[in-house]
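Here is a quick walk through one protein model, written for someone who likes to check numbers against coordinates. Have the viewer open as you read.

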Amino acid sequence: MAAAASPHPRAVLLGAQAGRVGLPVCDHYAGVEARMRKSLALQAEMAARHGACLFDVTLDCEDGAPVGGEAEHAALVVELVRSLDWAAPVPPRVGVRVHPVDHPAFAADVATIVGSVGTRLTHVMVPKVESIADVERAAAALDAAGAPSLPLHVLIESPAAVHRAFDIAAHPRVVSLSFGLMDFVSAHGGAIPADAMTVQGQFAHPLVRRAKLAIASAAHAHGKVPSHCVVTEFRDREAVADAARRAAREFGYTRMWSIHPDQIEPIVRAFQPDAEAVQTAADIIAAAAAADWAPISHQGHLHDRASFRYFWQVLERAHATGVPLPEPVRGYFS
């Protein structure tokens with residue numbers, strides 16, 4: 001039986017993980033108008049080329065809006081979202097980072113942006129979340145703006161928030177937890193040295209490592225997406241790629257922030273499974289489908305639905321990051 005003619009793997013394999021969230025591996029932040037327009041154009045160009053949206057664009061109000069110009073910046077975000085080609089074969093994926101829930105501009109951000117284009121947004125990112133109460137306040141604001149199903153992404157930026165990460169991840173409205181490296185280091189009042197914010201230091205300091213692991217573990221425990229922090233050495237493409245590889249392979253992150261267009265491609269490539277892994281996954285899934293998902297032997301190893309699930313996820317990640325898929329499984333992604 002041809003693999004593509006069998007029941008779809010999602011219907012067969014993912015029952016135990018039906019609520020697990022899947023998002024593009026890169027979340028690109030832009031807050032200056034020229035950068036926002038460039039990022040949205042790049043997203044459309046790459047989506048047309050690969051047949052999939054390889055990264056989200058999050059339009060940034062928190063760091064993008066000048067002090068006193070918050071209302072004008074929110075109106076610009078609305079204008080940009082409305083201007084996108086929503087009839088494209090691969091629709092845009094765009095979210096917005098609003099101000100923290102205790103900031104004077106938070107309510108106006110949500111009312112203006114979510115109230116106008118909430119049905120177009122993929123998510124709202126809420127920074128400086130400290131507790132479930134902050135999540136509830138953000139969710140209530142989205143509900144009041146007419147977007148009761150709009151997902152929340154939250155940014156964990158303090159030791160107390162890291163401590164509460166499992167509770168925050170459990171909230172049904174939250175789909176992704178991000179780690180705010182620089183605010184986390186600053187929150188320690190000088191107890192963590194500045195080099196812990198560098199691309200090397202952030203993987204070496206014990207408190208930073210502990211926070212990263214706690215956030216990733218909390219996210220996975222509740223089927224949510226852990227999103228790794230920024231690399232400030234934004235023009236060093238190899239440093240960005242190395243950080244993304246370590247975040248994925250050592251810390252369990254499945255998504256990472258970009259703060260400059262030059263970072264997007266290295267992040268996406270770092271999260272791609274290699275060609276050998278994709279071929280192995282395709283062979284196993286094709287053989288499993290031919291066996292009607294009964295246990296199989298492949299190259300001397302026994303595989304059943306638990307390992308089938310893993311190899312299917314390799315193929316999903318390959319598709320999501322633009323990796324060409326072998327013929328036996330390509331039909332699953334038509």
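What follows goes from the whole chain down to a handful of single residues.

**The whole chain**

First things first: this is a predicted model. The protein chain carries 14 helices and 10 strands. Its C-alpha atoms fit in a box of roughly 65 × 50 × 35 Å, with the box laid along the principal axes.

How does the radius of gyration of the protein chain compare with that of a compact globule? For 334 residues, a compact globule would come out near 20 Å, and the protein chain has 20 Å, so the two agree. Buried residues make up 53% of the 334 residues. If you take the contacts with a separation of 6 or more, 73% of them link residues that sit 24 or more positions apart.

On the outside, the accessible surface comes to about 14400 Å², and carbon and sulfur atoms own 55% of that. As for charge, the protein chain has 29 positive and 35 negative side chains. The centres of those two sets lie 3 Å apart.

**The annotated stretch**

The unreviewed UniProt entry puts a domain annotation, "HpcH/HpaI aldolase/citrate lyase", on residues 45–261. In the model, that stretch is 43% helix and 15% strand. The C-alpha atoms at the two ends of residues 45–261 are 13 Å apart.

**Residues inside the annotated stretch**

Ala75 belongs to helix 3, which covers residues 70–82. With a relative accessibility of 40%, Ala75 counts as partly exposed, because that value falls between the 20% and 50% cut-offs. If you want a long distance to click on, try Ala75 to Arg164: they are 89 residues apart in sequence, and their C-alpha atoms are 34 Å apart in space.

His205 sits in the loop between helix 8 (181–186) and helix 9 (206–221). Is His205 buried or exposed? His205 is buried, since its relative accessible area of 19% is under the 20% cut-off. Which residues is His205 in contact with, once neighbours within four places in sequence are left aside? They are Ile192, Pro193 and Ala196.

**Loops later in the chain**

Now for some loop residues further along. Asp292 lies between helix 12 (275–290) and strand 9 (296–298). Gln299 is in the loop that joins strand 9 and strand 10. Asp304 falls in the loop between strand 10 (301–303) and helix 13 (305–320).

Backbone angles are worth a look here. Most residues other than glycine have a negative phi. Asp292, though, has a positive phi, near 55°, and Gln299 has a positive phi too, near 50°.

Asp304 also gives another long pair: Asp304 and Leu152 are 152 residues apart along the chain, and their C-alpha atoms are separated by 35 Å.

**Accessibility side by side**

Here are the residues discussed above, with their relative accessible areas and classes.

| Residue | Relative accessible area | Class |
|---|---|---|
| Ala75 | 40% | partly exposed |
| His205 | 19% | buried |
| Asp292 | 48% | partly exposed |
| Gln299 | 67% | exposed |
| Asp304 | 37% | partly exposed |

Two rows deserve a comment on the cut-offs. Asp292, at 48%, is partly exposed because exposed means over 50%. Gln299, at 67%, passes that cut-off and therefore counts as exposed.

Note on methods:
Residues numbered from 1 in each chain as written. Predicted model: local features only at pLDDT ≥ 70, side-chain atom pairs only at ≥ 80, totals over all residues. Heavy atoms only, no water. Helix = DSSP H or I, 4+ residues; strand = E, 2+ residues; numbered from the N terminus. Rg over C-alpha atoms; globule rule 2.2 N^0.38 Å. Buried < 20%, exposed > 50% of the residue type's maximum accessible area, 1.4 Å probe, protein only. Contact = heavy atoms within 4.5 Å. Areas by Shrake-Rupley, 256 points an atom, 1.4 Å probe, with all protein chains shown as cover. Lys, Arg positive; Asp, Glu negative; His and termini not counted. Charge placed at Lys NZ, Arg CZ, Asp CG, Glu CD. UniProt positions renumbered as here; feature names shortened; annotations may be inferred.
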